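This report covers two topics: how the domains meet, and how the ligand is held. The structure comes first.

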Amino acid sequence: MSNLGTYEDAFRSFDWSMASKEIGYGDKGMFNIGYYCSDRICELGHGQKLALIHERFSGETRKYTFNDLRIYSNNAAQLLTRIGLNVGDRVCLFMDRIPELYFAFLGVLKMGGVAQPLFSAFGEEALEMRLHDAGTRAVFTTLKYVDRVRHIRRNLPELQWIVVLDAGDARLEQGEVSFAMESVRGSEDFVVHPVGPEFPSVLHYTSGTTGKPKGALHVHSSIISQYITTRWVLDVTPEDIYWCTADPGWVTGTSYGIIGPWSIGVTQIIYDGRFSSSAWYGIIEKHKATIWYTAPTAIRLLMRDGLDPVRRADLSTLRHLVSVGEPLNAEAVIWSGKAFGRPFHDSFWQTETGSIVISNFPGMPIKPGSMGKPFPGIVAGVVDEKTLEPVRASGTVGLIALRPGWPSMFRTYWNNTATYEGKFKNGWYICGDKASVDGDGYFWFVGRDDDVINTGGHLVGPFEIESALLEHPAVAESAAVGKPDLINMEVVKAFIALKPGYTPSAELTLSIMNFVRKRLSSMAMPQDIEYVDALPKTRSGKIMRRLLRAKEWGEEIGDTSTMDKD
Ligand code: ATP
Ligand code: MG
C-alpha cells in the first residue's frame, strides 16, 4: 500500500492542515525550513541516521548523518551572522553538487537569509544577470568558480562577501572569506532564526525555456506542500533510499532534492557526476536506491542506450519511479516497464508552483502519455483561452489553470510584480501550458502555450509529434516547431537526433514522415526534417524550441543564459 492510500479517498478528505500537522509545522513556534530538515529529525531521535550519501564523479563516496547536517548547517548560519549578513539578505550558492551546497542551503535558511541556488555551469553573463537582479549580498563558492564571481564583482554593488569553501592556503581578495564548513566546530547550539510561515525562503530562477528567466520567490511554509507531495507522489518513507537526479540550480533539486526528502528524514543519494547509463545504473545498484526521481531527457538517453546496460546492473531495489520537467512520452512509460519492470510516473509542476500539482499517483492506473490527476488540495482545470472559463467538453484543448492558495505557491516574481500579476486571470493562476482533460479526469499535456503549432488553422502540439517520432526506431530525440509557410501559415518542422547506428538519408526522412502521418495525421507530419547531433537545451534539460523556431522565422533568439553549452 502506498503512503497515499486511495487517490479518490485522499482527494475527498484532504485539507492542508492535515499535512501541516503531520510534520508538526509551527510546533514550538518554529516555522523555519532549516530546522525541519535537520534539527527536528535529530530531536525525533534520528540524529545518527544517514541523511546524505554523496558520490563524486571519481567514485569517492562520503556519508553524513542528520546530526552532521544539523551541525554543518549551523556552522554556515553562524558564519553568515558573523560577517554581518541580515535577515532577508539573498545568499547565492554557486558550486558543484558538493555536500557543502546542501549544508549551506539549510544554513542560509536557518539564519533567516533567502537561498538563491544557481547552476555551477553558468557563465559570467548568466551569473551576473541573476546576482544583479536579486541584489545578492553573499555568494558561497569554491576555488573552481571563484574567478567567475570576481570578474563580475565590480558590476554588483550589493555583493558584500564571497565565501570560498576550499580556499586552503590560496590568497583571497578583499571582501572574500575562507570557510571550511566541516572543520569548524562549536555551532552545536545555533539559535535558528524564528521566521514566520510567510517569510521568504528561496529565490529560484525559472529555467528560461520560454524567455528571460524570472525569479520566483518562495516562503518557509512551502515545506508543507513539499513534505506531503514527497510522501504521496514520490511515495517516500523514512526507510527508503531516495535518489533525485536534479541539481539544486533547478527547482526540482531543492523542493525534492533537499526540502521534501529531508523533512521526512529519508536517506538520499547525491551524485555529483556526469550522465552515462552505466554510471547511473551503478549508483542505483551500489547504494540500493529504492525511489528514483528524474527527467524525460535522461530517460530518453537511457532508452537510446538500450536494455543491455540495464541487464548488466542489479536494479532490484527500485520500487517507484517518477519523472518531471518535460512531458513524458508514452513510449518512455512503456520502455520503463520493459527495462525496470515498473513504469515511470509523470509529475507536472513549475518553479512557480513550488511542488507537484498534477501527477500519476502510486497505485493509480497510468494512461501512458497522460500527466495524471491533480494533487489533493489542488484545484486544477483546463480553461478556454479567451473566456478563461473551464472548457465544457472533455478532450478540448485549453490552458492549464490552478486555483491559487496552496502553501508552496510563489509569492511574487522578484523585481517584477507586473509579470506576476499578469499570471492571475479570472480567479485562476495560468501556468502557460496547454492540455486537455479526459472523461476520467486525466490531464493530457499538449505543449507550452508558445510552442503549439498552428498549421492551416489546426493546432498541433509538439508533444504528440515528438512522442510519435520517438516511436520510430531511428529517433533518439526530437523537437517539433512551426516554420513559416505561405499557404498554411505554419507547417511542422522536426529537428531530429538519431540513435547510434543510423545515418541521415532521403529514405530515412521519408520513412519518418510517413510514420508520423500514419500515427497522427498529415497536418502533424513534419514537412521538413533536419538532422542534428543534439538539441538546444536548458541546464535543467528542457528542449528550447524557441531557439529553433526563431531561426526558422529569422527572429532574434533572445536570452540564452540558461542554455546548456557543453
Ligand atoms: P521559463 O518559465 O523561464 O520559460 P520553464 O517554464 O521551463 O522556464 P520551469 O519552472 O523549470 O521553467 O519548468 C516548468 C515547465 O516545465 C512547465 O510549465 C511545463 O511547461 C514543463 N513541465 C514540467 N513538468 C512537466 C510534465 N510533467 N509534463 C509536461 N511539461 C512539464
Ligand atoms: Mg515557466
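## Domain layout

The chain is divided into two parts: domain 1 spans 85-220, and domain 2 spans 453-553. The model is predicted. Between the centres of domain 1 and domain 2, taken over C-alpha atoms, the separation is 40 Å.

## The interface between the domains

Domain 1 and domain 2 are in contact. Domain 1 contributes 8 residues and domain 2 contributes 7. Together the two domains bury about 580 Å². Carbon and sulfur atoms account for 62% of that area. On the domain 1 side, three residues stand out: Phe119, Ser207 and Thr209 supply 66% of the area that domain 1 buries against domain 2. No other three residues supply more.

What kinds of polar link cross this interface? The rule finds 3 residue pairs in polar contact between domain 1 and domain 2, both residues of each pair being at pLDDT 80 or more. The count of salt bridges between the domains is 0. The residues of domain 1 that touch domain 2 comprise 5 polar, 3 nonpolar and no charged.

## The ligand site

Ligand 1 has 22 residues around it. Which of them come nearest? They are Gly208, Thr209, Thr210, Thr351 and Asp433. Thr209 is also among the three residues that supply 66% of the area domain 1 buries against domain 2.

Several polar atoms lie at short range. A backbone N or O atom of Gly208 is 2.6 Å from an oxygen atom of ligand 1. Asp346 uses its side chain: an N or O atom there lies 2.8 Å from a nitrogen atom of ligand 1. Ser347 uses its backbone, with an N or O atom 2.8 Å from a nitrogen atom of ligand 1. Ligand 1 taken alone exposes 630 Å², and the protein buries 97% of that.

Definitions and conventions. Residues numbered from 1 in each chain as written. Chains lettered and ligands numbered in written order. Predicted model: local features only at pLDDT ≥ 70, side-chain atom pairs only at ≥ 80, totals over all residues. Heavy atoms only, no water. Domains from an automatic or database assignment. Contact = heavy atoms within 4.5 Å. Buried area = accessible area lost by both parts, 1.4 Å probe. Salt bridge = Lys/Arg side-chain N within 4 Å of Asp/Glu carboxyl O. Polar contact = N/O pair within 3.5 Å; in protein donor to acceptor, adjacent residues only side chain to side chain. Nonpolar A, V, L, I, M, F, W, Y, C, P; charged D, E, K, R; others polar. Near = heavy atom within 4 Å. Areas by Shrake-Rupley, 256 points an atom, 1.4 Å probe, with all protein chains shown as cover.
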